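Please open the structure in your viewer and keep the selection panel at hand. The tour proceeds from one selection to the next.

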Number of protein chains: 2
Amino acid sequence: MNRTAPREDRRQLLLEEAARLFDAHGYDRTSVRQLADAVGLQSGSLFHHFDSKESILLAVLEHTIELMIERLAAAAAAPGDSRQRLEALIRAELELLHGATRHGVAVAFFQWRSLSTQSQQQILKLRERYETIWLEALELAHRDGLIVTDPFLTRRLLTGAHGWTIYWYRPDGSLDLDRLAEEVGRLLTRQ
Amino acid sequence: MNRTAPREDRRQLLLEEAARLFDAHGYDRTSVRQLADAVGLQSGSLFHHFDSKESILLAVLEHTIELMIERLAAAAAAPGDSRQRLEALIRAELELLHGATRHGVAVAFFQWRSLSTQSQQQILKLRERYETIWLEALELAHRDGLIVTDPFLTRRLLTGAHGWTIYWYRPDGSLDLDRLAEEVGRLLTRQ
DNA sequence: GTCTATATTTGGATAGAC
DNA sequence: GTCTATCCAAATATAGAC
């Protein structure tokens, strides 16, 4: 059975706890001692697994964005016309932002500035694969007359609108995620 | 002549430089030594003007949000129908984000999490006055059938879309600010 | 009101035993 | 692979002279 090896378990656990802490307090205000505590290690022991604190953030981001690409690609691959595809992507991104993956995704949206310039470039390259999926769907929607603003511009505005939901949207409130996705879709496409 | 006193000049200069540095590097990665350097002081001398590093961030935010309220209120007070008012507010917010006020406004959007919980509450109260102006305009637009999504939801999505422009929009590029504002307006209102 | 000097804490990271 | 112990740098903030 495809059971993860203990070695990978430990690393995976650390990445999850790191995502949670970086999301809750910000990368800069999270100490390596807090990270170590969260996985039941002494701070020095962390450096057996990672070269530096920054490399932990980098690993969180890489892992998270790979996952984002996977989920978004799956949503884009579902059958349907351009409207249905666009709705699927909106729904997928909101699920990434508010489902089980939320901590890592929040970090991906709002903590990348704590990386060195070099690491930022590296992450940007990864992120481009994610954005390409979006752009293809938006260009299709544009050709079909579903959206009238430029796809590139539309995506950038949408990125901000979606990312910001982290700061106000609670899926257990009166507006459920399906409904939010629907409203975003209405706003984006012909009303 | 209403000339600012030297005492106020110094404080004002520090707030401007602090906004610039906090915007460029983030509050947490800006040291008091850098702040002091930027205004030609030794680090210890800063504490004659401010109680703590956090109180500098708080002062930047208070000053900036007061200014945001002022500008937004002015835009809202201009004559015109609900569509024109909405367009004026969009334009005003984008000017705040990309004009001379941009550093402070960027800090207001993305650095508030570095404040203590108490200070965050304080800033939130101030910010509510800003948001009230938006909500009134959006409710008007909603009554006139200009927008169909809930005004409150619309504002939250718009906040994110606008704030995120910090990370990609450059007013000296091919898309000027008037044009961007126009596109945002198109997206928001009936297309 | 600014300086110099420094107290004090905390942070990331390393060394070497086990 | 983890622990203990600790190094070292950097940070915020303070004290007291000028």
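Begin by selecting DNA strand C together with the 17 residues that surround it (each with a heavy atom within 4 Å of the strand); the closest are V32(A), K53(A), R10(B), Q42(B) and H49(B). Of the strand's atoms that come within 4 Å of the protein, 63% belong to sugar and phosphate. This is a predicted model, in which local features need pLDDT of at least 70 and side-chain atom pairs pLDDT 80 or more, while totals for chains, interfaces and linings use all residues. Residues are numbered from 1 along each chain as its sequence is written, chains are lettered from A and ligands numbered from 1 in the order in which they are written, and side-chain values use heavy atoms, without hydrogens and water.

Next, select R10(B): one of its polar side-chain atoms lies 2.6 Å from a phosphate oxygen of DNA strand C. At Q42(B), a backbone N or O atom lies 2.7 Å from a phosphate oxygen of this strand. For S45(B), a polar side-chain atom is found 3.0 Å from a phosphate oxygen of the strand.

Now select chains A and B. The contact (heavy atoms within 4.5 Å) takes 32 residues from chain A and 32 residues from chain B. Between them the chains bury about 3,300 Å² (accessible area lost on being put together, 1.4 Å probe, summed over both).

Finally, select D28(A) and R29(B). They form a salt bridge (a side-chain nitrogen of Lys or Arg within 4 Å of a carboxyl oxygen of Asp or Glu), and their closest N and O atoms are 2.4 Å apart.

Note on methods:
Polar contact = N/O pair within 3.5 Å; in protein donor to acceptor, adjacent residues only side chain to side chain. Buried area = accessible area lost by both parts, 1.4 Å probe.
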